[in-house]
Amino acid sequence: MKYDIKIFKTETPKQKPTDESKLGFGKIFTDHMFIMEYNKTEGWHNARIVPFGPIPTHPASTVLHYGAEIFEGMKAYRAVDGTIRMFRPLENVKRLNNSAERLCLPTIDEEGCLDILNTLVELEKDWIPSSVGTSLYIRPFIYGNDPHLGVHAVSNAMFVVICSPVGAYYAQGINPVKIAIESEDVRAVRGGTGYAKCGGNYAASLRAGQRAEENGYTQVLWLDGVERKYIEEVGAMNVMFKIGGKIITPMLSGSILPGITRKSCIELLKGWGYEVEERLFSVDELFEAAENGTLEEAWGTGTAAVVSPIGQLYYKGKEYVVSGNKIGEVTQKLYDNLTGIQWGKVEDENGWSYLVCNG
Ligand SMILES: *Cc1c(COP(=O)(O)O)cnc(C)c1O
């Protein structure tokens with residue numbers, strides 16, 4: 001079911017960035033955004049694309065007080081053949097609805113949501129940068145917008161999509177990151193909202209992230225919230241290890257975000273003949289592997305970076321170097337293949353690349 005999208009074009013288009021090496025991440029926004037509203041009687045309605053700008057919000061709005069917010073992060077790419085493409089967008093739509101279900105926010109029709117993303121990206125296609133590694137980051141989000149302070153599942157909500165041209169994540173080449181394993185704060189617990197992509201998870205993670213940064217680390221590696229023993233995620237990425245030739249990644253236990261990059265890496269790795277274990281993986285097992293020399297590679301996976309090699313790990317006064325602080329062979333192969341599929345340079349055997357329009 002498609003929503004009836006009205007398009008109101010801006011009369012004052014902005015100057016597009018001329019130096020694509022200075023784009024950074026999420027600092028510049030395109031000319032338009034998508035908005036629609038939800039209420040119990042009409043469902044989702046008033047679907048429209050309007051000039052990008054502030055959204056009036058009631059001071060008692062649910063999102064401001066109780067954090068009723070979920071989001072997605074995905075990209076549109078200008079492929080080497082000139083077409084505009086997204087990567088497995090239906091997976092993002094399905095995850096958005098799973099997150100919505102967890103936070104009692106209204107879900108969106110899958111076909112309708114894909115059509116919204118398509119329509120907006122096509123309208124904004126001239127904003128998609130063309131330098132190597134650049135893309136258009138797409139941020140769909142849903143938030144509760146009831147104008148009263150009572151704590152209930154929401155009856156009024158907003159669905160908004162904004163787009164931002166983003167620079168190459170690895171403009172200076174793929175450098176391994178330094179990771180601090182967090183032993184105090186936790187990001188999520190089973191039964192909580194860890195598997196939902198919600199703003200609240202991020203709010204809870206900021207303190208540890210800030211502490212790690214102050215101590216010279218790029219990101220935090222999260223342990224489980226109950227025993228503080230099992231590895232969960234690294235920053236806002238899923239995490240994988242290559243130990244003695246096998247790939248090990250934490251299983252989706254409910255407190256871990258089911259990453260689309262994670263899923264794609266697992267599918268590629270299995271296709272290449274690697275044994276992939278999705279299971280509980282403790283920090284002790286990790287350090288045992290680091291000490292006995294079987295820890296070969298470690299990397300994070302996520303839409304922003306695709307893969308991010310881990311070069312150093314810190315935990316309770318001990319520091320380990322992984323893979324000689326260089327990107328490992330499997331990490332590099334995953335990066336080359338995923339980005340190759342995204343930019344249309346590698347054959348897309350799995351049908352992951354989704355055609356939005358001809359450029
Ligand atoms: C979005 C996200 C990821 C990565 O998911 P992708 O679909 O691969 O981009 C991992 N962990 C957290 C906490 C996230 O929010």
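## Cavities, pockets and helices

Trainee: How many residues in the lining of the largest cavity are charged?
Mentor: The residues of this lining include six nonpolar and six polar ones. In this predicted model, the largest cavity holds about 120 Å³ of space, and among its 13 lining residues Tyr 77, Phe 87, Thr 261, Thr 303 and Gln 342 lie nearest the centre. What is left to name in the division by class is the charged group, and its count is one.

Trainee: Which element supplies the largest share of the lining of the largest cavity?
Mentor: Strand E5 (74-78), H5 and H7 each supply at least two residues of that lining. Both domain 1 (6-166) and domain 2 (177-342) contribute to the lining, so the cavity lies between them. The largest share is three residues, and the element that provides them is E5.

Trainee: Is Gln 342 buried or exposed?
Mentor: Gln 342, which lies in helix H7, is one of the residues nearest the centre of the largest cavity. Its C-alpha atom is separated by 7.4 Å from that of Arg 85, although the two residues are 257 apart along the chain. Because its relative accessibility is 7%, and buried means under 20%, Gln 342 counts as buried.

Trainee: Where does the largest pocket lie with respect to domain 1 (6-166) and domain 2 (177-342)?
Mentor: About 1100 Å³ of space lies in the largest pocket, and of its 46 lining residues the closest to the centre are Tyr 169, Tyr 202, Gln 219, Ala 236 and Ala 304. The elements that each give two or more residues to this lining include strand E7 (135-144), strand E10 (219-223) and strand E15 (295-302). Since both domains give residues to the lining, the position of the largest pocket is between them.

Trainee: Which element gives the most to the lining of the largest pocket?
Mentor: By class, this lining has 20 nonpolar, 17 polar and nine charged residues. Two helices, H4 (199-214) and H5 (260-271), are among the elements that give two or more residues to it. The greatest contribution is eight residues, and the element that makes it is H4.

Trainee: On which residue is the kink in H4 centred?
Mentor: The 16 residues of H4 should span 22 Å at 1.5 Å a residue, and its end C-alpha atoms are 23 Å apart, which agrees. An α-helix has 3.6 residues a turn, so residues three or four places apart point the same way. In H4 the buried residues are Asn 201, Ser 205, Ala 208 and Ala 212. The kink, of about 40 degrees, is centred on one of these buried residues, Ser 205.

Trainee: Which helix gives the most to the lining of the second largest pocket?
Mentor: The second largest pocket, with a volume of about 220 Å³, is lined by 16 residues, including Val 132, Gly 133, Tyr 335, Thr 339 and Trp 343 nearest its centre. Domain 1 (6-166) and domain 2 (177-342) both give residues to this lining, so the second largest pocket also lies between them. Four residues of the lining come from the helix that gives the most, H7.

Trainee: What is the phi of Cys 104, just after H2?
Mentor: Helix H2 (residues 89-102) has 14 residues and reaches 20 Å from its first C-alpha to its last, close to the 20 Å expected. Its buried residues include Pro 89, Leu 96 and Ala 100. Just after this helix, Cys 104 takes a positive phi of about 55 degrees.

Conventions
Residues numbered from 1 in each chain as written. Predicted model: local features only at pLDDT ≥ 70, side-chain atom pairs only at ≥ 80, totals over all residues. Heavy atoms only, no water. 1 Å grid on protein atoms, 1.4 Å probe; cavity = no way out; pocket = protein on both sides within 12 Å on 5 of 7 lines; lining within 4 Å. Points joined across faces, edges and corners; volume = space filled by probe spheres on them. Nonpolar A, V, L, I, M, F, W, Y, C, P; charged D, E, K, R; others polar. Domains from an automatic or database assignment. Expected span 1.5 Å × (residues − 1). Buried < 20%, exposed > 50% of the residue type's maximum accessible area, 1.4 Å probe, protein only. Bend = angle between axes of the 7 residues up to and from the residue.
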